[in-house]
Amino acid sequence: MYKYENLNQSNRLAYLWNRCKAGLRSIPESPARSALTALYWFTALLLLLHAAGPADGIIGHLMQPLVCILVVLGSIIFFVTGVTISAIPRGAFQTADAFRRVGLTNAAGEPPLLASCRKEDGKTVIDVFTQGLTIPQLQERIEPLESALGKRITKIEPGEDNQSIRLHLAPGNTKLPELAYLPQGQPLKPLEILLGTSLDGPVTWDPDKVPHLLIGGSTGSGKTTIGKTIISQCLPMGDVYIIDLKGGLDYPPQWQTQSCSFATTSFDALSVTGQIVQQLNQRKEMFDAVVRYDGIPCSGLSTFNQLRPEVKLHPIFVFTDEIAEITDTTGMDKPHKEEAAAIVGNLSTIARQGRALGIHLIVMTQRPDAVVVPGQIKNNLDGRICGKADNVLSQIILDNTDAADRIPKDSQGLFLNQDGILFRGYLFDNEEGVSHAT
C-alpha cells in the first residue's frame, strides 16, 4: 500500500508538471493569454519596486530583502499555479471518475487522467494520460465506458506519445444509419477506397498503407456487398481480377463481360494467378532497373510512376471470393490437389511480395482459420474487416472478440475493422438496382 501511495503521488506530480508545461506553451498561442501574462508580470514588477523602495527605520531596512524575496517567490508560485490550473481541461475529474466506475485503472488504482479536450470538425477529441493502460484494455471495456462517459466512442488511437491515448467522442444518442450509400465523386486520395460510415465519419482503406485485406464474417453479414463496393471503386483505378469458384453469380453481369477478369474454375484461377505472379516478377525487374540506372530507391508504385512517367504502371487488385473453395481440398483427387496447391502458392507470393509493387490481395471468406487461409497468406493480410461473428470467429479474424460483443447477431452490413472502428458498409447503385447485404 505504501508503495502504491508513493506511486500515486509521483504520477500526480507528473500530471501537474505536464499541465504546467501545456499551460506555458499555450501562452504565446493566445493573444488574450499573452496580454494577461504581460499584465500579471507588470503588476508583480510594480509590487517588487514598491517593496524595494525607501524603508522606514531599522526594522524596515532589515525586513526589506525578505519582503522582496517573498514578492518574487509569491509571484512565481501564483503564476505557475494559475498556468497549471488553466491547462486542466474542464471535466477532468468527471472523466477520471468514469474510468474508475468501469474498472479501467492500473495496478495502483489510478484511472487515466484527461490531458486535453478539443473540437475537430464538430466532434469531441480527448487525450488521456493512460498511466500504464493500453488501447486493447480500453477496447475491451468500450461499451461500459461509453455508458459512464455518456458519449459514443467512435475511435481509439495512440496519442502524441506512448503515455497517452486519443479518444474520438460523439453524443450519446448518435446512431449509425440503417442504410448508407456509396458517395459519388472523386476520392480524397488517389488510391482511397471508401468502405462505410462510422460515428466519426467515412471509413476508408488506403492500399498504399495497408496493401492487403481480409474480409470475414458469418453468413448474411454483408461480405459480398462490401466486396462489391470495394471492387466498384477499384475498377477505374487499376486492373481487377476476381476469383470466384462459386460461378461469379453475385456480381453484376457487365463486370464479367467487360470491366474485369473473372476466374470461375480452378483451372482459370491457376492461369490468372500465374499471370499476376509473372507481372509481379516483371515489376520487380523494372523497379530494380530504376535503382541500378538512377541510383534512387524505388520503394513503391507511386515512386516508380514519378520516375518513369512514360511507363505508368496501374495498381492490380486480386479478389478471392470465398477462398475456402480453393484451399479446402477434402475429397479432391491428386491432380486437383496439386492444382489447388499451385494456386495457393501464387496467392502466397502475391501476399508476400505485392506490397511495394502495387499488387493488392483481398480475401473474402466466412471462417479464415489456418485450414482455409494458410499462414503465409493470412500473416500478410494486415487489413481486417469482420462482420457479425461469434467469439471464436471474431478471434480468428480480429485476434479479439470485439465483433461478437459489438455487432448484433441479427445485423447486416455492420463491420468492425482492425482499428476497432464500427461502421455501416456502403451500398452502391448499378444497372441491376441497389445492392443489399447478402
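Begin with the open sheet of four strands in this predicted model. Its strand order is 1-2-4-3, and the pairing is antiparallel. Select residues 113–120 for strand 1 and residues 151–158 for strand 3: these two stand at the edges, each with a single partner strand, so one side of each is left without a neighbour in the sheet. On average, neighbouring strands of this sheet are turned by 25° against each other, direction ignored.

Next, add residues 123–129, which form strand 2. Strand 1 and strand 2 pair in the antiparallel sense, and seven bridges join them. To see one opposed pair, display arginine 118, which stands opposite valine 125 in strand 2.

Now move to residues 414–417, which are strand 13, and residues 422–425, which are strand 14. These two strands run antiparallel and are joined by three bridges. Four residues lie between them in the hairpin, where glycine 420 takes a positive phi near 80°. Two opposed pairs may be picked out here: phenylalanine 415 has phenylalanine 423 of strand 14 as its bridge partner, and leucine 416 stands opposite leucine 422 in strand 14.

Show the side chains of strand 13. In a regular strand the side chains alternate between the two faces of the sheet. In strand 13, Leu414 and Leu416 point one way, whereas Phe415 and Asn417 point the other way. Are these side chains of strand 13 buried or exposed? Leu414, Leu416, Phe415 and Asn417 are all buried.

Extend the selection to the further partners of this hairpin. Strand 12, residues 383–386, pairs with strand 13 in the antiparallel sense over two bridges; within that pairing, cysteine 386 stands opposite leucine 416. Strand 5, residues 193–198, pairs with strand 14, also in the antiparallel sense, over three bridges. Serine 198 has phenylalanine 423 in strand 14 as its bridge partner. Phenylalanine 423 is thus a bridge partner of both serine 198 and phenylalanine 415.

Turn then to the largest nonpolar core, which has 33 residues. Which of its residues touch the most other members? They are Leu361, Val363 and Ile377. Several elements supply at least two residues each to this core, among them strand 8 (239–243), strand 10 (316–321), helix 12 (334–353) and strand 11 (359–365). Select helix 9, residues 266–294, for the element that gives the most to this core, with seven residues.

Centre the view on valine 363. Leaving aside residues up to four places away in sequence, valine 363 touches Leu213, Leu214, Ile215, Thr320, Ile323, Val373, Ile377 and Leu381. A second, separate core has 31 residues, including Ile193, Leu194, Val203 and Trp205.

Finally, display the whole chain, with its 15 helices and 16 strands. The radius of gyration is 30 Å, well over the 22 Å that the globule rule gives for 438 residues, so the chain is more spread out than a compact globule. Along its principal axes, the C-alpha trace spans about 110 × 55 × 45 Å. Colouring by burial will show that 47% of the 438 residues count as buried. The chain exposes about 22,800 Å², of which carbon and sulfur atoms supply 56%. In a contact map, 61% of the contacts between residues at least 6 apart in sequence join residues at least 24 apart.

Notes. Residues are numbered from 1 along each chain as its sequence is written. This is a predicted model: local features need pLDDT of at least 70, side-chain atom pairs count only at pLDDT 80 or more; totals for chains, interfaces and linings use all residues. Side-chain values use heavy atoms; hydrogens and water are left out. Two strands pair if DSSP finds at least two bridges between them. Axes are lines fitted to C-alpha atoms, for helices over the stretch in contact, and angles run from 0 to 180 degrees between N-to-C directions. A nonpolar core is a set of buried Ala, Val, Leu, Ile, Met, Phe, Trp, Tyr and Cys residues joined through side-chain atoms within 4.5 Å. Buried means under 20% relative accessible area, exposed over 50%, partly exposed in between (1.4 Å probe, protein chains only). Contact means heavy atoms within 4.5 Å. The radius of gyration is taken over C-alpha atoms; the globule rule is 2.2 Å times the number of residues to the power 0.38. Accessible areas come from the Shrake-Rupley method with a 1.4 Å probe; for residues, only the protein chains shown count as cover.
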